[in-house]
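Reader: I am new to this structure and would like a close look at a single part of it. Please take one strand, say how its side chains are arranged, and then work outward to what surrounds it.

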Amino acid sequence: VQLQASGGGLVQAGGSLRLSCAASGSIFSINSMTWYRQAPGKQRELVASITSGSFTNYADSVKGRFTISRDNAKNTVYLQMNSLKSEDTAVYYCNLKHRNHWESRWYDYWGQGTQVTVSS
């Protein structure tokens, strides 16, 4: 499995960006896709996740501004980011966790990061 993230860039505060992460390869039906971010000098943090059942979870800092969604036919997850703030500046990473029905082991994959820079 490989993950390809795209959509980062430079945007002014208050603006919007949409990140995409396309997964290639065989994806098990039990899975979750997650966006993380890491700002300079800070630990990587969860931004938003979505399960194969379309349950979503958001960091408090992005609730109401970011929306995660997925297109299962394209094995792609999106992160729509609105009302961006300077503190959203970070490298954003996508992550896939999936497993077979018949085993409990989760397989974990990371995409390359995509830089999001919000200017104030």
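Author: Take strand β11, where the side chains alternate: T114, V116 and V118 point to one face and are buried, whereas Q115, T117 and S119 point to the other face and are not buried. This follows a general pattern, since in a regular strand the side chains alternate between the two faces of the sheet. The model is a predicted one, and what follows is to be read as a description of that model.

The strand begins with T114, as β11 covers residues 114-119. T114 has a relative accessible area of 10%, so the residue counts as buried, the cut-off for buried being under 20%. Setting aside residues up to four places away in sequence, T114 touches A5, S6, G7, G8, L19, A90, V91 and Y92. With one of these residues there is also a polar approach: a polar atom of the T114 side chain lies 3.1 Å from the backbone nitrogen of G8.

Two strands pair with β11, and they do so in opposite senses. Strand β2, residues 9-12, runs parallel to β11 and is joined to β11 by 4 bridges. In that pairing G9 stands opposite V116 of β11. Strand β9 pairs with β11 in the antiparallel sense, over 3 bridges. Here Y92 stands opposite T114, and Y92 is also among the residues that T114 touches.

Strand β9 leads to the disulfide. The model has 1 disulfide, formed by C21 and C94, with the sulfur atoms 2.1 Å apart. The pair links distant parts of the chain: C21 is in strand β3 (residues 17-24) and C94 is in strand β9 (residues 90-99), 73 residues apart. The link of C21 and C94 is right-handed, with 60° about the S-S bond. Both cysteines are buried.

The buried face of β11 leads to another residue, D88. D88 is placed in the loop between β8 and β9. Although D88 is in a loop, the relative accessible area of D88 is 0%, so D88 is buried. Leaving aside neighbours within four places in sequence, D88 is in contact with R37, R65, F66, S83, V116 and V118. Of these, V116 and V118 belong to the buried face of β11. The side chain of D88 also makes a polar contact of 2.9 Å with the side chain of R37.

F66, one of the contacts of D88, leads to a sheet. F66 stands opposite M81 in β8. β7 and β8 run antiparallel and are joined by 6 bridges. These two strands are part of an open sheet of 4 strands, in the order β1-β3-β8-β7, with antiparallel pairing. β1 (2-6) and β7 stand at the edges with a single partner strand each, so one side of each has no neighbour in the sheet. On average, neighbouring strands of this sheet are turned by 15° against each other, direction ignored. Strand β3, listed in this sheet, is the strand that holds C21 of the disulfide.

Just outside these strands are some loops. G64 is found in the loop between β6 and β7. At 83% relative accessibility, G64 counts as exposed. The C-alpha atoms of G64 and N82 are separated by 8.7 Å, while the two residues are 18 residues apart along the chain.

N75 lies in the loop between β7 (66-71) and β8 (76-81). The phi of N75 is near 50°, a positive value in a residue other than glycine. Most residues other than glycine have a negative phi. N75 has a relative accessible area of 28%, so N75 is partly exposed.

S54 also has a positive phi, near 65°, and is likewise a residue other than glycine. S54 is found in the loop between β5 (45-51) and β6 (56-58). With a relative accessible area of 44%, S54 is partly exposed.

To return to the strand: the buried side chains of β11 are T114, V116 and V118. T114 has Y92 of β9 opposite, V116 has G9 opposite, and both V116 and V118 are in contact with D88.

Note on methods: Residues numbered from 1 in each chain as written. Predicted model: local features only at pLDDT ≥ 70, side-chain atom pairs only at ≥ 80, totals over all residues. Heavy atoms only, no water. Buried < 20%, exposed > 50% of the residue type's maximum accessible area, 1.4 Å probe, protein only. Polar contact = N/O pair within 3.5 Å; in protein donor to acceptor, adjacent residues only side chain to side chain. Contact = heavy atoms within 4.5 Å. Pairing = 2+ DSSP bridges. Axes fitted to C-alpha atoms, helices over the stretch in contact; angles between N-to-C directions. Disulfide = S-S within 2.5 Å.
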